[in-house]
Amino acid sequence: MGGSTHLVIGASVAVLAARPSSTSELIIATAVGAAGGLLADIDTDNSKAAHVVRTGLFALTAGVGFILYKNGSVGAEIYDFIKRYILVNLNSAQIIAACAFMALLFIGTFQKHRHLTHSTEYALGISVSVYFMNPALALPMFAAMMSHMILDVFNYKAVLISYLFNFRICFKLCKSQGSINGLLSMCGGLLYGLALYTVL
């Protein structure tokens, strides 16, 4: 399906999964769901998700590299810089989880479309890394990523639901940018409205 459909349905199921109790929690759940709904398509060169991930990872690497270069930091000074400016509010589990999350994103950008990034294992890997960074966001992320896979199985191209078991599904019922996509996008908007109604 199209990106807007994945975004709105991802946001909807994430809000339903998170059951936020405040406006700030609602905004966070919506953002996580929208990102999770789009995340599987980082394996597509022309997708906005892939562009954002690649740009973000490049900017992060370039920014840290520039600051280290500018400060002339090497060896122990590099570690001290990272500890002081990046890791100050994170525990070791969160640091490892953040590194795993970024590694999964980086790997995902080099995969075939509807391959690894559309698998249940990838969704679990992303969600587990999110859990160790912030447990409350793991279920909304997983729900949003699974919504992406469920929507895509109705298209004409098979989705690798399980990477480990090489299990693919394809129902061949509609085109990813056809009229069904538009209908699902509208349904996603209604679902989001329902999600808001149930939590507010």
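How many aromatic pairs does the structure hold? There are three aromatic pairs (rings of Phe, Tyr or Trp, the last by its six-membered ring, with centres within 6.5 Å). One of them joins tyrosine 131 and phenylalanine 132: the ring centres sit 5.5 Å apart and the planes make an angle of 85°, so this pair is edge-to-face. The labels go by plane angle: under 30 degrees is stacked, over 60 is edge-to-face, and the rest are tilted.

Before going on, a word on what you're looking at. This is a predicted model, so local features need pLDDT of at least 70 and side-chain atom pairs count only at pLDDT 80 or more, while totals for chains, interfaces and linings use all residues. Residues are numbered from 1 along each chain as its sequence is written, and side-chain values use heavy atoms, with hydrogens and water left out.

Back to the rings. Tyrosine 131 is partly exposed at 43% relative accessible area, and phenylalanine 132 is partly exposed too, at 45%. Here buried means under 20% relative accessible area, exposed means over 50%, and partly exposed is in between (1.4 Å probe, protein chains only). Another pair, phenylalanine 154 with phenylalanine 171, has ring centres 5.4 Å apart and planes at 55°, so it counts as tilted. Phenylalanine 154 is in the loop between helix 7 and strand 1 (159-162), and phenylalanine 171 is in the loop between strand 2 (167-169) and helix 8 (179-199), so the pair ties together parts 17 residues apart in sequence. Helices (H or I, at least four residues) and strands (E, at least two) are DSSP runs, numbered from the N terminus.

Now follow helix 6. Its buried residues are Tyr122, Ala123, Ile126, Ser127, Ser129 and Val130. They lie on the same side of the helix, because they cover an arc of only 160° around the axis (taken from the directions from the helix axis to the C-beta atoms). The general reason is that an α-helix has 3.6 residues a turn, so residues three or four places apart point the same way. And what covers these buried residues? The cover includes helix 2 (23-39), helix 5 and helix 7.

Finally, there is one salt bridge (a side-chain nitrogen of Lys or Arg within 4 Å of a carboxyl oxygen of Asp or Glu). Arginine 114 pairs with aspartate 152, and their closest N and O atoms are 3.5 Å apart. Arginine 114 is in the loop between helix 5 (92-108) and helix 6 (120-133), while aspartate 152 belongs to helix 7 (residues 138-152), so the bridge links distant parts of the chain, 38 residues apart. Both partners are buried: arginine 114 has 6% relative accessibility, and aspartate 152 has 1%.

How values were computed: Contact = heavy atoms within 4.5 Å.
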